[in-house]
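Thanks for agreeing to look at this one with me. Below are some notes to help you find your way around, set out as numbered points.

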Amino acid sequence: MSWVVCVKGTIMPTVVSIRFKDSGKTYYFDPTHVNDMTMGQYVIVETARGLEMARVAELPHDVEESVIVGELKPVVRPATSEDEVRWKQLNSRQDELLRR
């Protein structure tokens with residue numbers, strides 16, 4: 001994880017903003033292990049529920065440590081085409097089950 005100390009002495013970690021599905025809320029993750037992310041790119045992130053696929057909503061940037069809620073989990077890797085196929089299969093099954 002990279003950290004920046006601003007002029008006022010406040011520690012500012014570098015984060016990437018991630019969005020799950022099409023929700024409006026974004027979450028901060030540690031981008032240290034993945035280089036060259038692009039906006040809208042699918043990535044695999046570590047969450048309390050295990051590995052999940054989500055989209056990059058904002059490229060790596062520094063934020064004040066006080067805005068981070070809980071532990072800053074990592075972006076594990078870019079998503080592969082196989083990840084995207086599996087994600088679509090799981091979501092279509094979820095939609096089908098919700099219609100019942």
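1. Let us begin with a single residue: in which strand is the place of Thr 14? Thr 14 sits in strand β2, which covers residues 11-19. Please keep in mind throughout that this is a predicted model. Thr 14 has a relative accessible area of 13%, and because buried means under 20%, Thr 14 counts as buried. Its side chain is not without a polar partner: the side chain of Thr 14 makes a polar contact of 2.7 Å with the side chain of Asp 62.

2. Now a step back to the whole chain. Its secondary structure consists of six strands and one helix, and the order from the N terminus is β-β-β-β-β-β-α. The chain has 100 residues, of which 33% are buried. The accessible surface is about 6900 Å², and carbon and sulfur atoms hold 52% of that surface. If we take the contacts with a separation of 6 or more, 62% of them link residues 24 or more positions apart.

3. Strand β2 is a good place to go next. Seven of its nine residues are buried, so β2 is largely enclosed by the rest of the structure. Its pairing with β5 is antiparallel and runs over five bridges; within that pairing, Ile 18 has Val 56 of β5 as its bridge partner. Strand β2 also pairs with β3, again in the antiparallel sense, over three bridges. There, Ser 17 stands opposite Tyr 28 of β3.

4. Strand β4 makes an interesting companion to this. Five of the six residues of β4 are buried, so this strand too is largely enclosed by the rest of the structure. Strands β4 and β5 run antiparallel and are joined by six bridges, and the two form a hairpin with two residues between them. Strand β4 is also joined to β6 (residues 75-78) by three bridges, with the strands running antiparallel. Ile 44 shows both pairings nicely: this residue stands opposite Met 53 in β5, while its bridge partner in β6 is Arg 77.

5. Which residues make up the largest nonpolar core? There are 11 of them: Val 16, Ile 18, Phe 20, Phe 29, Val 34, Met 37, Val 43, Val 45, Ala 54, Val 56 and Val 75. At least two residues of this core come from each of β2, β4 (42-47) and β5 (50-62). As background, nonpolar side chains tend to be buried together in soluble globular proteins.

6. Val 43 belongs to that core, and its surroundings are worth following on the screen. Setting aside neighbours within four places in sequence, the contacts of Val 43 include Ile 18, Met 37, Ala 54, Val 56 and Val 75. Val 43 also touches Glu 52, Met 53, Arg 77, Pro 78 and Ala 79.

7. On to the aromatic rings, where the structure holds three aromatic pairs. In one of them, the rings of Phe 20 and Tyr 27 have centres 5.7 Å apart and planes at 65°, and because planes over 60 degrees apart count as edge-to-face, this pair is edge-to-face. Phe 20 and Phe 29 form another edge-to-face pair, with 6.2 Å from centre to centre and 65° between the planes. Phe 20, Tyr 27 and Phe 29 together form one aromatic cluster.

8. How does burial vary within that cluster? Phe 20 and Phe 29 are both buried, with Phe 20 at a relative accessible area of 17%. Tyr 27, at 35% relative accessibility, is partly exposed.

9. One loop residue deserves a look at its backbone. Asp 36 lies in the loop between β3 (27-29) and β4. Its phi is positive, at about 55°, although Asp 36 is not a glycine. With a relative accessible area of 73%, Asp 36 is exposed.

10. Finally, the helix. Glu 82 is found in helix α1, which spans residues 81-99. Is Glu 82 buried or exposed? Its relative accessibility is 57%, and because exposed means over 50%, Glu 82 counts as exposed. The side chain of Glu 82 is joined to that of Thr 80 by a polar contact of 3.2 Å.

Conventions
Residues are numbered from 1 along each chain as its sequence is written. This is a predicted model: local features need pLDDT of at least 70, side-chain atom pairs count only at pLDDT 80 or more; totals for chains, interfaces and linings use all residues. Side-chain values use heavy atoms; hydrogens and water are left out. Helices (H or I, at least four residues) and strands (E, at least two) are DSSP runs, numbered from the N terminus. Buried means under 20% relative accessible area, exposed over 50%, partly exposed in between (1.4 Å probe, protein chains only). Contact means heavy atoms within 4.5 Å. Accessible areas come from the Shrake-Rupley method with a 1.4 Å probe; for residues, only the protein chains shown count as cover. A polar contact is a pair of N or O atoms within 3.5 Å; within protein, one must be able to donate a hydrogen and the other to accept it, and residues adjacent in sequence count only if both atoms are side-chain atoms. A nonpolar core is a set of buried Ala, Val, Leu, Ile, Met, Phe, Trp, Tyr and Cys residues joined through side-chain atoms within 4.5 Å. Rings of Phe, Tyr and Trp (its six-membered ring) pair if their centres lie within 6.5 Å; planes under 30 degrees apart count as stacked, over 60 as edge-to-face and the rest as tilted. Two strands pair if DSSP finds at least two bridges between them.
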